[in-house]
Amino acid sequence: MMQGAIVPMTFIIPVLAGRMKDQRIIGIGIGVCFLLANVGLYTGVALPVWVILMGIACGSGFGLSMMLFALRTSTSIGASKLSGMAQAFGYLLAAFGPMVFGVTYDFSGSWQAPLLILATLSILIVFVSLRAGKGQIGN
C-alpha cells in the first residue's frame, strides 16, 4: 500500500512544484503528512490509512527534494553540484537510519520510541521547508 502511494506522488509533486514560485506550502504539507502518519502509526488504529499517508509523504518528499535541485540553481552545473552535495549527505544519513531505529527498538522493546523520533523529525521537515521552499535561486 505504501509503495502504491509513493509512485504517483513522485511524479505529481515535481510538476506542481515547478509551476509554483514558492514551494513552502508543499514542504509544510509534506511535513504535516509525515507527522500525522507517524502519530497514526503510533496509535495502532486504522493502520492502512497511516501507511498510505506515509507513502504519500515519502513520494512527495522525494519528488520535491529532487525538483528543488533544479529550482534553486540557475545553471545545470550548479544543479549537479547541489544535487551531489545534498544526496551524498542525505544517503550517508539514511544509511544509519535502520541501525539507529533497530537499536532504539532493542532498548525500548517497542516501535513507539522510533516512531516518536520520526514524529520529531517530521516537525523538523516543516521548519526546513520554510527556508528551502522559499522561491529564491542561489548562485
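**Group meeting: a walk around helix 2**

Hi everyone, let's start with alanine 46, which is partly exposed, with a relative accessible area of 40%. Before I go on, please keep in mind that this is a predicted model. Alanine 46 sits in the loop between helix 2, residues 24–43, and helix 3, residues 47–71. What caught my eye is its backbone: alanine 46 has a positive phi of about 55°, although it is not a glycine. There is also a glycine in this story, because helix 2 is followed by glycine 44. The phi of glycine 44 is positive too, near 80°.

Now to helix 2 itself. How far apart are its end C-alpha atoms? They are 29 Å apart. With 20 residues at 1.5 Å each, the helix should span 28 Å, so the two values agree.

Which residues of helix 2 are buried? They are Ile26, Gly27, Ile30, Gly31, Phe34, Ala37, Asn38 and Gly40. Their cover includes helix 1, residues 2–18, along with helix 3 and helix 5, residues 112–132.

Not every residue of helix 2 is on that list. Take valine 32, which is found in helix 2. Valine 32 is partly exposed, with a relative accessible area of 37%, and that is over the 20% below which we call a residue buried. If you look across from valine 32, you'll find valine 126: the pair is 94 residues apart in sequence, yet 7.2 Å apart in space, C-alpha to C-alpha.

On to the core. The largest nonpolar core has 13 residues, and those with the most contacts inside it are Ile13, Ala17, Ile26, Ile30, Phe34 and Leu64. Helix 1, helix 2 and helix 3 each supply at least two residues of this core. Helix 3 gives the most, with six residues. For a close-up, click on leucine 64. Leaving aside residues up to four places away in sequence, leucine 64 touches Ile13, Ala17, Gln23, Ile26, Gly27 and Ile30.

As a general point, in soluble globular proteins nonpolar side chains tend to be buried together. With that in mind, have a look at the surface as well. Leu92, Phe96, Met99, Val100, Val103 and Phe107 form a nonpolar patch there, with about 640 Å² of accessible area together. Let me pick out phenylalanine 107, which lies in helix 4, residues 76–108. Is phenylalanine 107 buried or exposed? Phenylalanine 107 is exposed, because its relative accessible area is 74%, and the cut-off is over 50%.

That's my tour, thanks for listening!

How values were computed
Residues numbered from 1 in each chain as written. Predicted model: local features only at pLDDT ≥ 70, side-chain atom pairs only at ≥ 80, totals over all residues. Heavy atoms only, no water. Helix = DSSP H or I, 4+ residues; strand = E, 2+ residues; numbered from the N terminus. Buried < 20%, exposed > 50% of the residue type's maximum accessible area, 1.4 Å probe, protein only. Patch = residues over 30% accessible without salt bridge, like charges linked within 9 Å, V, L, I, M, F, W, Y side chains within 5 Å. Areas by Shrake-Rupley, 256 points an atom, 1.4 Å probe, with all protein chains shown as cover. Salt bridge = Lys/Arg side-chain N within 4 Å of Asp/Glu carboxyl O. Expected span 1.5 Å × (residues − 1). Contact = heavy atoms within 4.5 Å. Core = buried A, V, L, I, M, F, W, Y, C linked by side-chain atoms within 4.5 Å.
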